[in-house]
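Got the viewer open? Here's a walk through one model, stop by stop, with something to select each time.

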Amino acid sequence: MPDIIRPIEPFQLTQGFGGNYQAYKKFGLAGHNGWDLKTKFPDTPKGFRDILASWHCEHYKTADDSKGYGKYFEVIVKLDNTWKLTYGHCNSIEAFTNKEEGEHMAISDNTGNSTGSHLHLTVKKGKLITGVFQHDNPNNGYFGAVNPQLFFDELRAFKKRITEYKPAPTIENSQ
């Protein structure tokens, strides 16, 4: 079993964070603002693949933007930091309040400004203020998005820390 669950399993990155400025400058970005994950595999030849929760998350928003992400949704994940994850180019999205690690949230597709079936993942770090997400660095050239690897590194360390934690024995259970 893997130490963490990524939104698409098996995990195969087709475009990383940053770079490709020419393709993204029309959106006001310094480059690609997330990860693109492969969704076409022998068992999903049209790219309709389950999108999985990587950790306990709360639904934040569902929308449809034909010029950008197409059908997309956002969740909030609280680890050491608070993260907003945006999943773009979806076929269908479940109505949900919360999901746990490994649970199905949506199905990937090719909606919006997309040249083929894939999942686009954008990650922002920040905080919730009266229910509204405020990202840490909105002027970083990516409208606050950061390399998703930062989220997955924190998730991996967070999971390791909580699974290794063992409470000190108490008088009742030490006998």
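Buried here means under 20% relative accessible area, exposed means over 50%, and partly exposed is what falls in between. Keep in mind as you click around that the model is predicted.

**Stop one: a loop phenylalanine**

Start by selecting Phe143, in the loop between β11 and β12 (145-146). Is Phe143 buried or partly exposed? Its relative accessibility is 42%, so it counts as partly exposed. Check the backbone while you're there: phi of Phe143 is near 50°, a positive value in a residue other than glycine.

Now jump to Asn20, which sits in the loop between β1 and α1 (21-24). Asn20 has a positive phi too, near 55°, and isn't a glycine. With a relative accessible area of 42%, Asn20 is partly exposed.

One more backbone stop: pick Glu9 and Pro10 together. The peptide bond running from Glu9 to Pro10 is cis, with omega near -5°. Pro10 belongs to the segment before β1 (13-15).

**Stop two: the core**

Next, go inside. Nonpolar side chains tend to be buried together in soluble globular proteins. The largest nonpolar core in this model has 28 residues, and those with the most contacts inside it are Ile51, Phe73, Val75, Leu85, Tyr87, Met105 and Phe151. To see where the core comes from, colour β2 (35-38), β5 (70-78), β6 (82-88), β9 (104-108), β10 (118-129) and α2 (148-164): these are the elements that give two or more residues to it. The largest share, four residues, comes from α2.

Centre the view on Phe73 and show what surrounds it. Leaving aside neighbours within four places in sequence, Phe73 is in contact with a list of residues that includes Ile51, Leu85, Tyr87, Cys90, Ile93, Phe96 and Met105. Polar residues turn up in that list as well, among them Lys61, Thr62 and Thr86.

**Stop three: Phe133**

Select Phe133, in strand β11 (residues 132-135). Phe133 counts as buried because its relative accessibility is 7%. Add Tyr60 to the selection: the two are 73 residues apart in sequence, yet their C-alpha atoms are 8.9 Å apart in space. Not counting residues up to four places away in sequence, Phe133 touches Tyr60, Ile76, Thr82, Trp83 and Leu128, and also lysines including Lys84, Lys124, Lys125 and Lys127.

**Stop four: two cysteines**

Show the sulfurs of Cys57 and Cys90. A disulfide is a covalent bond between the sulfur atoms of two cysteines. How many disulfides does the count come to? Zero. The closest cysteine sulfur to that of Cys57 is in Cys90, 13 Å away, which is too far for a bond. Both side chains are out of the way of solvent by the cut-off used here: Cys57 counts as buried because its relative accessibility is 1%, and Cys90 counts as buried because its value is 0%.

**Stop five: charged pairs**

Time to switch on the charged side chains; there are seven salt bridges to find.

- Arg49 and Asp43: their closest N and O atoms are 2.8 Å apart. Arg49 is buried, with a relative accessible area of 10%, whereas Asp43 is exposed at 56%.
- Glu74 and Lys84: this salt bridge is 3.6 Å, N to O. The pair links distant parts of the chain, with Glu74 in strand β5 and Lys84 in strand β6, ten residues apart. Glu74 and Lys84 are both buried.
- Arg156 and Asp153: the closest N and O atoms are 3.8 Å apart. Both residues lie in helix α2, three residues apart, about one turn of the helix. Arg156 is partly exposed at 27% relative accessibility, and Asp153 is partly exposed at 38%. Add Asp3 to this selection, since Asp3, Asp153 and Arg156 are linked in a network of salt bridges.

**Last stop: Glu154**

Stay in helix α2 and select Glu154. Which side chain of opposite charge is nearest to Glu154? Lys125, at 6.0 Å; Glu154 is buried yet has no salt bridge. Look at Asn81 instead: its side chain makes a polar contact with the side chain of Glu154, at 2.6 Å. Setting aside neighbours within four places in sequence, Glu154 is in contact with Leu79, Asp80, Asn81 and Trp83.

Methods:
Residues are numbered from 1 along each chain as its sequence is written. This is a predicted model: local features need pLDDT of at least 70, side-chain atom pairs count only at pLDDT 80 or more; totals for chains, interfaces and linings use all residues. Side-chain values use heavy atoms; hydrogens and water are left out. A nonpolar core is a set of buried Ala, Val, Leu, Ile, Met, Phe, Trp, Tyr and Cys residues joined through side-chain atoms within 4.5 Å. Buried means under 20% relative accessible area, exposed over 50%, partly exposed in between (1.4 Å probe, protein chains only). Contact means heavy atoms within 4.5 Å. Lys and Arg count as positive and Asp and Glu as negative; His and the chain ends are not counted. A salt bridge is a side-chain nitrogen of Lys or Arg within 4 Å of a carboxyl oxygen of Asp or Glu. A polar contact is a pair of N or O atoms within 3.5 Å; within protein, one must be able to donate a hydrogen and the other to accept it, and residues adjacent in sequence count only if both atoms are side-chain atoms. A disulfide is a pair of cysteine sulfur atoms within 2.5 Å.
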